[in-house]
Each structure stands twice: as C-alpha cells, then as structure tokens.
Amino acid sequence: MPSPLGNAIAETAANEASAWLVIRAEALALAEREPVLRPLLQSQVLDAQNNAAIIARVLAGRLSVAEVDTSGLIDLLEGALTLDILASVEADLLAVRERDPACTTTLHALMNLKGFHALQIHRVAHALWLDGRVEIASWLSNLASLVFGPDIHPAARIGAGIMLDHGSGIVIGETAVIEDEVSILQNVTLGGTGKQSGDRHPKIRRGVMIGAGAKILGNIEIGAYSKVAAGSVVVKAVPAHCTVAGVPATVVRIHPASEIPAETMDQNI
Ligand SMILES: CC(C)(COP(=O)(O)OP(=O)(O)OC[C@H]1O[C@@H](n2cnc3c(N)ncnc32)[C@H](O)[C@@H]1OP(=O)(O)O)[C@@H](O)C(=O)NCCC(=O)NCCS
C-alpha cells in the first residue's frame with residue numbers, strides 16, 4: 001500500500017524543492033511500499049549525508065563488479081563531485097524526468113536508468129581527466145562502459161540537461177562536444193570519419209535530438225534545436241532548426257521560425 005505520509009512528503013517536495021529533496025521523499029515513500037528495497041534505499045539515499053554522497057553511493061553500488069574497494073570508489077566519486085558537476089547532475093535528472101514518458105519519478109531516474117548512470121560517471125571521469133589523472137579517468141570510463149553500455153571518451157565535453165535514453169550502444173568520441181539540453185537515443189555514434197586526426201568528432205549544439213541508431217561522423221556541427229532522424233548517417237554540417245534524415249542525411253524539414261523547438265520537440269518517440 002502506498003504510504004499517505006510518504007506520498008504527501010513526495011508531493012510537497014516535488015512542488016517546491018530541488019530534485020534531491022524530491023528523491024529523498026520518493027525514497028522514503030518507496031522504502032515503505034517495497035521493504036525489499038529498504039536497505040538499498042537507506043544506504044544509498046536516506047543515510048547519505050549530502051547530495052554528492054547520494055550520487056556517489058548509487059554509482060559505486062552499480063560499479064561494484066570492479067575489483068577495487070567500494071568505499072574507495074565512493075571516495076573517488078564523491079571527491080570529484082564539485083557543486084558545478086552536481087548542478088549538471090540535477091539538470092540531467094530533471095531532463096530525464098521531463099522527456100522520458102517511462103520515467104515517472106526522479107528516484108527512478110536516479111536508481112534505474114543506465115544512460116543517466118553512464119553520463120554521471122563520465123562527468124566524474126572528465127573532471128579527473130582535466131585534473132591530469134588520465135589513467136584513473138580512462139579506467140573509470142571503461143568500467144562504466146562495461147557496466148552501463150555507453151562508451152564515452154573521458155575527454156568529451158558534455159553540457160547539462162542531457163538525456164542518454166536507454167544508453168545501450170552509444171559511442172561518443174574524444175573531441176566531441178555536446179551542448180546543453182540535448183537528447184541522444186540508443187546506438188548513436190558521434191565518431192570520426194577515419195580520415196581526420198586531432199579535432200575529429202561532431203559538435204552538437206543546444207537542444208538537438210538525435211534519434212536511435214544515427215551515426216554522425218566527422219568534425220561537423222549539428223545546429224541548435226535540430227533533429228537527426230533515427231538511422232541517419234550524417235557526414236555534413238546540419239543547420240539549426242531543421243530535421244535531417246537518410247543515408248547520407250539530407251534536410252527533410254525546416255522548422256517554422258515561430259516554433260520554440262526546445263518546448264515543442266517531441267523527444268519521447
Ligand atoms: C525525425 C523524427 C524526429 C521526426 O521529425 P520531424 O521533423 O517531425 O519529421 P517529419 O515526421 O515531419 O518527417 C519529415 C520527412 O522525413 C521522413 N523521415 C522521418 N524520419 C525518418 C527516418 N528515421 N528515416 C528516413 N526518413 C525519415 C518522413 O517520412 C518525412 O518524409 P516526407 O516529407 O517524404 O513524408 C522521427 O521520424 C525520428 O526519426 N525520431 C527518432 C525516433 C527514435 O529514435 N525512436 C527510438 C525510441 S526508443
């Protein structure tokens with residue numbers, strides 16, 4: 001039976017507070033409804049001293065296949081989670097909650113969505129990479145790829161409010177850039193053509209949606225608020241505010257100027 005108290009707390013928190021308060025309230029309510037999950041929720045969410053501790057415990061728990069001490073892993077993750085990174089984590093939680101119709105609570109995004117988990121490990125690995133700790137960053141990225149699916153180079157630059165839907169089969173190359181509010185579905189490749197070296201991966205501008213299985217190859221720009229149709233192979237730059245489709249991809253629709261793509265773009269297909 002749902003707990004009226006837990007639900008009331010969750011509802012109040014959802015109306016007025018950050019994703020982290022919502023998550024704590026949802027975890028409290030879920031722990032009452034599903035006793036088998038209570039120890040897990042207690043140790044990973046309810047007993048955590050702060051927001052960084054929540055995300056570090058959730059991620060370390062899922063990476064426990066690593067042959068390293070889990071508490072050392074928690075310390076590594078928590079130590080890298082700056083306030084800036086935590087703000088991005090929160091924006092990602094909200095993005096998934098808003099755009100994925102199968103995601104009915106913020107807690108669900110935190111506990112069950114491997115695309116979300118992979119992205120957060122990337123945020124930590126990227127911070128370690130920038131800090132010159134490239135071996136541990138690469139080790140962490142590889143572990144996340146084995147456990148969650150997406151293969152993201154630790155040097156790739158990724159903004160906030162990102163949804164990696166499903167996560168499986170996503171590959172993001174070393175010099176790729178992804179701006180804020182982008183959605184990427186399963187089996188998307190942001191790769192090189194094999195003909196360029198150095199800065200050789202795509203630049204994805206704000207608010208873009210990339211459909212399942214799309215391959216975007218080379219140091220090309222996908223303009224803001226455009227859509228890449230499922231299964232496309234994109235080898236040339238895409239202007240802002242349009243849809244491209246096909247192999248090789250061509251523009252199939254130009255979005256009207258009156259459209260506010262970030263609000264009207266249906267990313268929940
Ligand atoms: C591209 C997409 C977002 C639709 O965007 P849109 O701007 O609304 O485009 P439209 O539906 O108006 O289609 C424009 C044209 O492109 C074609 N088109 C759309 N998607 C296409 C695709 N994946 N491959 C080839 N052509 C496609 C349409 O048939 C249409 O052609 P027409 O003008 O000859 O009739 C959608 O088709 C898509 O691919 N979504 C990704 C879905 C996905 O990844 N789902 C996985 C869920 S797990």
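Is K203 buried or exposed? In this predicted model, in which local features need pLDDT of at least 70, side-chain atom pairs count only at pLDDT 80 or more, and totals for chains, interfaces and linings use all residues, residues are numbered from 1 along each chain as its sequence is written. Side-chain values use heavy atoms, with hydrogens and water left out. K203 is buried, with a relative accessible area of 10%, where buried means under 20% relative accessible area, exposed over 50%, and partly exposed in between, with a 1.4 Å probe and protein chains only.

The side chain of K203 meets that of D199 in a salt bridge with an N to O distance of 2.7 Å, a salt bridge being a side-chain nitrogen of Lys or Arg within 4 Å of a carboxyl oxygen of Asp or Glu. D199, in turn, is partly exposed, with a relative accessible area of 42%. By this rule the count comes to seven salt bridges. One of them joins E181 and R99, whose closest N and O atoms are 2.5 Å apart. This pair links distant parts of the chain, since E181 lies in the loop between β5 (177–178) and β6 (183–184) and R99 in helix α6, 82 residues apart; helices (H or I, at least four residues) and strands (E, at least two) are DSSP runs, numbered from the N terminus. R99 counts as buried at 10% relative accessibility, whereas E181 counts as partly exposed at 31%. A salt bridge is also formed by E174 and R200, with the closest N and O atoms 3.0 Å apart. Here too distant parts of the chain are linked, with E174 in the loop between β4 (171–172) and β5, R200 in the loop between β7 (189–191) and β8 (203–204), and their positions 26 residues apart. Both count as partly exposed, E174 at 29% relative accessibility and R200 at 22%. In addition, E179, R205 and E221 are linked in a network of salt bridges.

An open sheet of six strands runs in the order β3-β6-β9-β12-β14-β15, with mixed pairing; two strands pair if DSSP finds at least two bridges between them. The edges are taken by β3 (163–164) and β15, each with a single partner strand, so that one side of each is left without a neighbour in the sheet. Strand β14 (residues 242–245) pairs with β15 (residues 250–254) in the antiparallel sense over four bridges. Within this pairing, C242 has I254 as its bridge partner, and V244 stands opposite V251. Four residues lie between the strands of this hairpin, in which G246 takes a positive phi near 100°.

The largest nonpolar core (a set of buried Ala, Val, Leu, Ile, Met, Phe, Trp, Tyr and Cys residues joined through side-chain atoms within 4.5 Å) has 48 residues, of which I55, L107, L110 and L140 touch the most other members. Among the elements that give two or more residues to this core are α2 (19–33), α4 (51–62), α7 (106–112) and α9 (134–148). Helix α4 gives the most, with eight residues.

At the surface, V36, L37 and L40 form a nonpolar patch with about 250 Å² of accessible area together. Patches are made of residues with over 30% relative accessible area and no salt bridge, like charges being joined within 9 Å and nonpolar side chains (Val, Leu, Ile, Met, Phe, Trp, Tyr) within 5 Å; accessible areas come from the Shrake-Rupley method with a 1.4 Å probe, and for residues only the protein chains shown count as cover. L40 lies in helix α3 (residues 38–46) and is partly exposed, with a relative accessible area of 34%.
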